[in-house]
Protein chains: 2
Amino acid sequence: MSNIRIDVKSRTPIFEQLCAGIREQILAGAMAPGEPLPSVRALACELAINPNTIQKAYAELERQKLISSAPGRGSFVSDDIRPAMGAFEERILADLRAAVHRARLCSIGKEKLTELIDKEWEGTKP
Amino acid sequence: MSNIRIDVKSRTPIFEQLCAGIREQILAGAMAPGEPLPSVRALACELAINPNTIQKAYAELERQKLISSAPGRGSFVSDDIRPAMGAFEERILADLRAAVHRARLCSIGKEKLTELIDKEWEGTKP
DNA sequence: ACATCTGTACTAACACAAATAATACAGATG
DNA sequence: CATCTGTATTATTTGTGTTAGTACAGATGT
């Protein structure tokens, strides 16, 4: 922590960018289960963002079972992030569904889709 | 026209829902090039939505080269929708990119992705 | 020519969510 | 006990989506 990039001019809310960034670091293994997250105030100061916004992101991540917080102690990566992983997979499936649906509108074949995935997969592998 | 479903309680803006719905009908071939769209006021009345919101959607669709409008004449599906198709394909590619990126976070393999696409493709084919 | 349709432009008002700001409280810790 | 932590609360500002009302110019059919 914390190589998180926040774009205050983006149309996507800051607290969502925070959620996505932290979630990515956790799922990618950059943060181990049980590891402490920066305090609400510290991260707010570091990113020059209001503490309330940080807390909003933390609250959402806790709702997703990705982190757990306790007054006086701090916030920590959940010991078991598998439930959150499952929910995340569901979202990926939904994204693919949307992509397939849109591809049909463009008369893009299934082969083209898998080819694109293959190309993108290999192109970002190393 | 116009089997468009608008959910006023959705978090996605009404004008975006309109754009998506009309774009889908055009790309799917449900509306032929040159075919007239309902007038701003008529569609507003039919959907019980403010005319300004309809116009906002039409303006966006015109920006995307999907339709063309002229004062006094009306709005029509563009004669050549290929440029819009190209832009749409770009968006699909971006969606796939995001899906691949997220899949990596979940340790989902490329084979699993292509399998999901295949299943979704066949499941919505008829 | 006239009435009526069309898209377009503009202002004002309202609703809602995001974000900021400033406190305050309770639990944990050294 | 001082100081950190998360959490809750209220007020304010800001931006965007939406509605409402009005107006203007071009096209069309009678």
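Asp80(B) and Arg82(B) form a salt bridge, with their closest N and O atoms 2.9 Å apart. This is a predicted model, and a good way into it is to look at such charged pairs. Asp80(B) is partly exposed at 36% relative accessibility, while Arg82(B) is exposed at 63%. Chain A has a bridge between the side chains of Arg82(A) and Asp80(A), at 2.9 Å from N to O. There, Arg82(A) is exposed, with a relative accessibility of 63%, and Asp80(A) is partly exposed, with a relative accessible area of 35%.

**Salt bridges across the chains**

Over all chains, the count of salt bridges comes to twelve. Between chain A and chain B the count is eight. One of these joins Lys110(A) to Asp118(B), with the closest N and O atoms 2.8 Å apart. Lys110(A) sits in helix α5 of chain A and Asp118(B) in helix α5 of chain B, so this pair joins two chains. Which residues are linked with Lys110(A) in a network of salt bridges? They are Asp118(B) and Glu122(B). The side chain of Glu122(B) meets that of Lys110(A) at 2.9 Å, N to O. Lys110(A) is buried, with a relative accessible area of 16%, whereas Asp118(B) is partly exposed at 32%.

Here are the salt bridges described so far:

| Pair | Closest N to O |
|---|---|
| Asp80(B) and Arg82(B) | 2.9 Å |
| Arg82(A) and Asp80(A) | 2.9 Å |
| Lys110(A) and Asp118(B) | 2.8 Å |
| Glu122(B) and Lys110(A) | 2.9 Å |

**The surface the chains share**

The contact takes 34 residues from chain A and 34 residues from chain B. Together the two chains bury about 3,600 Å² between them, and 69% of that is on carbon and sulfur atoms. Arg104(A), Leu105(A) and Trp121(A) supply 20% of the area that chain A buries against chain B, more than any other three residues. Polar contacts between the chains come to 14 residue pairs. On the side of chain A that touches chain B, the elements giving two or more residues are α1 (14–27), α4 and α5 of chain A. The largest share of that side, 16 residues, comes from α4(A).

**A closer look at helix α5 of chain B**

Helix α5 of chain B covers residues 110–123, which makes 14 residues. From its first C-alpha to its last it reaches 20 Å, close to the 20 Å expected at 1.5 Å a residue. Its buried residues are Lys110(B), Leu113(B), Leu116(B), Ile117(B), Glu120(B) and Trp121(B). Seen down the axis of α5(B), these buried residues fall within an arc of 130°, so they line one face of the helix. An α-helix has 3.6 residues a turn, so residues three or four places apart point the same way. The face of α5(B) turned away from the buried side carries the exposed residues Glu111(B), Lys119(B) and Gly123(B). What do the buried residues of α5(B) pack against? They pack against α4 (82–105) and α5 (110–123) of chain A, together with α4 (82–105) of chain B.

**Val100(B), one residue in its surroundings**

Val100(B) lies in helix α4 of chain B. Val100(B) is buried, with a relative accessible area of 2%. Leaving aside its neighbours within four places in sequence, Val100(B) is in contact with Ile117(A), Glu120(A), Trp121(A), Thr124(A) and Leu113(B). Ala70(B), by contrast, is 30 residues from Val100(B) in sequence and 42 Å from it in space, C-alpha to C-alpha.

Conventions:
Residues numbered from 1 in each chain as written. Chains lettered and ligands numbered in written order. Predicted model: local features only at pLDDT ≥ 70, side-chain atom pairs only at ≥ 80, totals over all residues. Heavy atoms only, no water. Helix = DSSP H or I, 4+ residues; strand = E, 2+ residues; numbered from the N terminus. Expected span 1.5 Å × (residues − 1). Buried < 20%, exposed > 50% of the residue type's maximum accessible area, 1.4 Å probe, protein only. Arc of directions from axis to C-beta. Contact = heavy atoms within 4.5 Å. Buried area = accessible area lost by both parts, 1.4 Å probe. Salt bridge = Lys/Arg side-chain N within 4 Å of Asp/Glu carboxyl O. Polar contact = N/O pair within 3.5 Å; in protein donor to acceptor, adjacent residues only side chain to side chain.
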